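Me: I'm new to this one, so please pick a single part and walk me through it up close. Then tell me how that part sits in the rest.

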2 protein chains.
Amino acid sequence: MTDDARIDGRRLYTGRVINLDVDRVRFPDGSEGELEIIRHPGASAVVPFLGEATAITPQVMLIKQYRYAASRYLYEIPAGRLDAGERPEECARRELLEETGCTAAGMTFLTSMYTTPGFTDERIHLFMAEGLVPGATRREADEFMEVEMMPLWQALEMVRRGEIEDSKTALGLLLADGVRTGR
Amino acid sequence: MTDDARIDGRRLYTGRVINLDVDRVRFPDGSEGELEIIRHPGASAVVPFLGEATAITPQVMLIKQYRYAASRYLYEIPAGRLDAGERPEECARRELLEETGCTAAGMTFLTSMYTTPGFTDERIHLFMAEGLVPGATRREADEFMEVEMMPLWQALEMVRRGEIEDSKTALGLLLADGVRTGR
């Protein structure tokens, strides 16, 4: 069962970031139904280690970003959506540069995940960056954020205490910690 | 800066699961702009341990669920959206029962996360359940899934290898493993 599950559909909204379709779908048992689906181009996110991830006390860079959906600032890793034709790693490097002003000596792919597959096809590609080299930030007009550096252990503590509330950030930090410790 | 960031807005779509608004927003620097936002009632998800999470080889129950957004079956933990007025733990117990047919002796809160705060206010509340007692499943008409049991280490391996591609599932498994091992 692949894309031929789609019988037909209507685009109800074409937006700046997302599109909304209502599709008529054939389910695995042959029955039919309608599903709402948010089409998204996909995104990349990157856990930025200042030096090497295997340092004794590795340091990460987090961003405090104002999120209207949460009505407050959230701690996040640098991230953004894929431009047309852009490869996930390019996107991760671009977003890292735009949001922190840094380039990275090394970039390691962690995984790709569906953010919330019940209603959107958005996939996010997670990376870790090591060996940051500072430059200047180039943020978009509606991005409000500040950069904060902290030891990885502290960021992981914030995940456990619920102070990091963004899924991609929690997942990226936990996976990067697994890679560096070989778990 | 809280909800008064909203100047006004229009509801463009009222759906079965989601609603789409385009809101006029005042940003932290005082400037104004328009943002697309998917309103979602929130959801709960639960990592189901057959016995105790601290067993030597703990077993978890995963669900292979057909996801139209992914055009295939994904491995997931039991999850679903909050009914009106429902508390997150109630929802987790209900979804566990509906999707696996099991009740749980113990339920532990892990964390609450924004699934993808760039375009939706959806929050998911993650739990772990221990000591499952089997009964009968009660699935919704458009849910196509089968239950699979496996050792936690195998599920964690599948996260690392990219075979588990659902964010809440990966995050739930990693957090539950952290709780059981005291990390």
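Reply: Let's start with a word you'll need: two strands count as paired if DSSP finds at least two bridges between them. Keep in mind, too, that this is a predicted model.

With that in hand, let's zoom in on the sheet that S1, S2 and S3 build in chain A. Strand S2 (residues 19-26) of chain A and S3(A) are joined by 8 bridges and run antiparallel. If you want one spot to click on, try Val22(A), whose bridge partner in S3(A) is Glu36(A).

Now turn to the other neighbour of S2(A). S1(A) pairs with S2(A) over 7 bridges, again in the antiparallel sense. Here Val22(A) of S2(A) turns up once more, as the bridge partner of Arg10(A). So Val22(A) has a bridge partner in each direction: Arg10(A) is one, and Glu36(A) is the other. The link between S1(A) and S2(A) is a hairpin, with 4 residues between the two strands.

Put those pairs together and you get an open sheet of 3 strands in chain A, in the order S1-S2-S3, with antiparallel pairing. Strand S1 (6-14) and strand S3 (32-39) of chain A are the edge strands; each has a single partner strand, so one side of each has no neighbour in the sheet. From one strand to the next, the twist averages 20°. If you're wondering what holds such an arrangement together, strands of a sheet pair through backbone hydrogen bonds, either parallel or antiparallel. And when you look at the side chains, remember that in a regular strand they alternate between the two faces of the sheet.

Is S1(A) buried or in the open? Of its 9 residues, the number buried is 0, so S1(A) lies largely in the open. For this count, a residue is buried if 20 or more other C-beta atoms lie within 10 Å of its own. Across chain A as a whole, buried residues make up 42% of the 183 residues.

Let's step back to see where the sheet belongs. Chain A is divided into domain 1 (3-39) and domain 2 (43-181). The centres of these two domains of chain A, taken over C-alpha atoms, are 30 Å apart. Where they touch, domain 1 of chain A gives 5 residues and domain 2 of chain A gives 4 residues. On the domain 1 side, those residues are 3 nonpolar, no polar and 2 charged.

The whole of chain A has 3 helices and 10 strands. Read from the N terminus, its elements run β-β-β-β-β-β-β-α-β-β-β-α-α. Its C-alpha atoms fill a box of roughly 55 × 40 × 30 Å along the principal axes. Among the contacts in chain A between residues at least 6 apart in sequence, 60% join residues at least 24 apart.

There's another sheet worth setting beside ours. In chain A, 4 strands make an open sheet in the order S7-S4-S9-S8, and this time the pairing is mixed. Its edges are strand S7 (79-81) and strand S8 (102-114) of chain A, each with a single partner strand, so one side of each is left without a neighbour in the sheet. The twist here averages 20° from one strand to the next. S8(A) and strand S9 (residues 123-134) of chain A are joined by 11 bridges and run antiparallel. Along that pair, Phe109(A) stands opposite Phe127(A) in S9(A).

Finally, chain B. A turn of 180° and a shift of 0.0 Å along the axis lay chain B on chain A with an RMSD of 0.0 Å. That is the relation of a two-fold axis. In chain B, strand S1 (residues 6-14) is hardly covered, with 0 buried among its 9 residues. S1(B) is joined by 7 bridges to strand S2 (residues 19-26) of chain B, and the two run antiparallel. One of the matched spots is Thr14(B), whose bridge partner in S2(B) is Asn19(B). S1(B) and S2(B) form a hairpin too, with 4 residues between them.

Which residues make the chains meet? The contact takes 51 residues from chain B and 51 residues from chain A. Elements of chain B giving two or more residues to that side include S1, S2 and strand S3 (32-39). By class, the chain B side has 26 nonpolar, 13 polar and 12 charged residues. And 100% of the interface residues of chain B are also interface residues in chain A, so the copies meet through the same surface.

Definitions and conventions: Residues are numbered from 1 along each chain as its sequence is written. Chains are lettered from A and ligands numbered from 1 in the order in which they are written. This is a predicted model: local features need pLDDT of at least 70, side-chain atom pairs count only at pLDDT 80 or more; totals for chains, interfaces and linings use all residues. A residue is buried if 20 or more other C-beta atoms lie within 10 Å of its own, exposed if 12 or fewer, and partly exposed in between; C-beta atoms are placed from the backbone. Two residues are in contact if their C-beta atoms, placed from the backbone, lie within 7 Å. Ala, Val, Leu, Ile, Met, Phe, Trp, Tyr, Cys and Pro count as nonpolar, Asp, Glu, Lys and Arg as charged, and the others, Gly among them, as polar. Domain bounds come from an automatic or database domain assignment. Axes are lines fitted to C-alpha atoms, for helices over the stretch in contact, and angles run from 0 to 180 degrees between N-to-C directions. Copies are superposed by least squares on the C-alpha atoms of residues with pLDDT of at least 70 in both.
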